[in-house]
Amino acid sequence: MALLGNAHTINPATAQQDYERLLGQGEQVHAAFLLIRDTILFTDRRLILVDKQGITGKKTEYHSVPYRSITHFAVETAGTFDLDAELKIWISGSATPLQKTFTKGVDIYEVQAILTQFVAR
C-alpha cells in the first residue's frame, strides 16, 4: 500500500482534533504527516494511514497498524539528486513493505526515532 506524493509535517494537536473519531480513549497523536490528500498519524498505540480515494476524496480508508505488528523498518535519507527521503515498514504476514516518501524538509531521523520509541517497546 504505497501512498503517492511527498509528506510534510502537520501539527499533532491539529491532527488530534481532525481525527478524534478514530482515536481510542486517551490515545494521543505524537506526530502527523500530510501527503497531498492522505495522512500518516503516529499515535502512542499505533500507526494510522488515512487514504483518500477517488477523484473527490470522499471515500476514505483508515488503515490501522499496531506497532507490535511492525517487524522492521528502514529509512533512506535524501541525497544530492534524489531530494526525497523514504520510509519502509514491514508488517508481519506481508512480504511487501509499506513505503512512504517524505520531502527533504521532513527530518527522516525524527520519523525513525518515533518508530523506534514505539516499536522497540
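The following questions and answers concern the aromatic pairs of a predicted model and one residue beside them in sequence.

The model is predicted, so local features need pLDDT of at least 70 and side-chain atom pairs count only at pLDDT 80 or more, while totals for chains, interfaces and linings use all residues. Residues are numbered from 1 along each chain as its sequence is written, and side-chain values use heavy atoms, with hydrogens and water left out.

Reader: How many aromatic pairs does the structure hold?
Author: Rings of Phe, Tyr and Trp (its six-membered ring) pair if their centres lie within 6.5 Å; planes under 30 degrees apart count as stacked, over 60 as edge-to-face and the rest as tilted. Phenylalanine 33 and phenylalanine 42 form an edge-to-face pair, at 6.0 Å centre to centre and 90° between the planes. The number of aromatic pairs in the structure is 2.

Reader: Why is the pair of tyrosine 67 and phenylalanine 118 stacked or edge-to-face?
Author: The ring centres of tyrosine 67 and phenylalanine 118 are 4.9 Å apart. Their planes stand at 10°, so the pair is stacked.

Reader: How many residues apart in sequence are the parts that this pair ties together?
Author: Helices (H or I, at least four residues) and strands (E, at least two) are DSSP runs, numbered from the N terminus. Tyrosine 67 lies in the loop between strand E5 (59-66) and strand E6 (70-76), whereas phenylalanine 118 lies in helix H2 (residues 108-119). The parts tied together are therefore separated in sequence by 51 residues.

Reader: Is glutamine 117 buried, partly exposed or exposed?
Author: Buried means under 20% relative accessible area, exposed over 50%, and partly exposed in between (1.4 Å probe, protein chains only). With a relative accessible area of 48%, glutamine 117 in helix H2 is partly exposed.
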